[in-house]
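Q: Please take one part of this protein and walk me through it closely, as you would for a colleague at the bench. I would like to see how that part fits in with what surrounds it.

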Amino acid sequence: MLEAILATLNPFTGLEPTELRTLARHARLLELPAGRWLVQPGRCLKGRYYLLHGRLEVRLTDGARRVCAGHGVDAFYPGCRSARTLVPVRLLQVDTDPVAFLLRHQPELGLRLLPGEPWIQRLLGSGLVRRLPPERWQRLLRGLEPRRAAAGYRAINQGEPGDCFYVLREGRARVHRGQRTLAQLEPGDFFGEDAVIARTPRNASVTMQTSGLLMRLPRSAFLNVLVQGVVTRQTTTTAAAGGPAAVLLSLRRQPRSGALPIALDRLRSIAPRLSRERYYLVCDGPPNARVLAVFLLLQAGLRAAVLEEGPGVPAAGAVNQSERSALRKASARR
């Protein structure tokens, strides 16, 4: 019975009958009454959870709410911050940690992706990927292509075009400009997104410090699955209906009235100093640069969106002194 159910769920649909039988030994059916919290903010569950019957209200990491109903083929957890039953439900819980299952077969390397691997847990725990609904981050994992790399291998070179996005699966790597080290990377960290989003040359190099394994995602898949899944656009300056005016960040040297100037190449370093209580809208500048700015703000755990061009000059919300100081310093260093 469990094998038949598992065969209808992602990412198990391609498994062989023997693999399904093995997986079924690590699965169990759950029945819960209405009004029961399955996942609460700050709590982590073990394994994947699928809704087989009934309705759940889930809240994503960005605060958005969604109702899941009926027999879902994708896991609703991981992928949500909280989940509560609206009616009596029937669930399937699958403990995937001890089981090697096929997400994407790579015959040249013989690789299987294990959901319990630290690099996957680190990737799925990032502020960006947590914003994706389950079907999108599953597509993200399935789209990754492995590439072995020896110590000293230059994964990306400063100045070259950006044609793909990378996740480090094994080993250690260094982000640098010349001899100056900008960051150290460990399994689960990703890189290469700036040039891919902004369609600009690579702004730094990444060199493997040890032998390891890179997971590569082509540009089109990265934009379709991850960027379009997290970056939103709006035409008003309110954070929500009836909410306060958002803080406007302009990529122009001479910003529009009411907007604060920000240098895109400094945004990653100053974003952690901005308030998580505010909502930021990025205006002006090239469209791809605005998308990248929002991506970097989201990556820092902030709430942000692209402000579409429209008539009139919107006003910015008030910012505190530390935010204003950080933004002015970034602008002054252009």
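A: **Helix 8 and its surroundings**

Helix 8 is mostly covered, with 10 of its 13 residues buried. Buried here means under 20% relative accessible area, exposed means over 50%, and partly exposed lies in between, using a 1.4 Å probe on protein chains only. Helices (H or I, at least four residues) and strands (E, at least two) are DSSP runs, numbered from the N terminus. The model is predicted, so local features need pLDDT of at least 70 and side-chain atom pairs pLDDT 80 or more, while totals for chains, interfaces and linings use all residues. Residues are numbered from 1 along each chain as its sequence is written, and side-chain values use heavy atoms, leaving out hydrogens and water.

Let's start with the helix itself. The buried stretch runs through Ala289, Arg290, Val291, Leu292, Ala293, Val294, Phe295, Leu296, Leu297 and Leu298. The expected span of a helix is 1.5 Å times one less than its number of residues, so the 13 residues of helix 8 should span 18 Å, and the end C-alpha atoms are indeed 18 Å apart. Just after helix 8, glycine 301 takes a positive phi of about 85 degrees. On the other side, the loop between strand 19 (279-283) and helix 8 holds aspartate 284. Aspartate 284 has a positive phi of about 65 degrees although it is not a glycine, and at 1% relative accessibility it counts as buried. Most residues other than glycine have a negative phi.

Now look at what the helix packs into. The largest nonpolar core has 50 residues, and Phe222, Val231, Phe295 and Leu297 touch the most other members. Helix 8 gives the most to this core, nine residues. A nonpolar core is a set of buried Ala, Val, Leu, Ile, Met, Phe, Trp, Tyr and Cys residues joined through side-chain atoms within 4.5 Å.

Phenylalanine 222 is a good place to follow the packing. Leaving out residues up to four places away in sequence, Phe222 touches Phe165, Glu193, Val196, Ile197, Leu217, Val227 and Phe295, where contact means heavy atoms within 4.5 Å. Phe222 is among the buried residues of helix 6, along with Arg219, Leu223, Val225, Leu226, Val227 and Val230. What covers those residues includes helix 4 (134-143), strand 10 (164-170), helix 5, strand 15 (212-218) and helix 8. From helix 5 comes valine 196, which is buried with a relative accessible area of 0%.

Helix 8 also helps to line the largest pocket, as do strands 11, 12 and 13 and helices 5 and 7, each giving two or more residues. About 1100 Å³ of space lies in this pocket. Of its 36 lining residues, the closest to the centre are Glu193, Asp194, Asn203, Arg268 and Leu296. Strand 12 supplies the largest share of the lining, six residues.

For the pocket terms, a 1 Å grid is laid over the protein atoms alone; a pocket is an open set of points where a 1.4 Å probe fits, with protein on both sides within 12 Å along at least five of seven lines, and lining residues have an atom within 4 Å of a point. Grid points are joined across faces, edges and corners, and the volume is the space filled by probe spheres set on the points.
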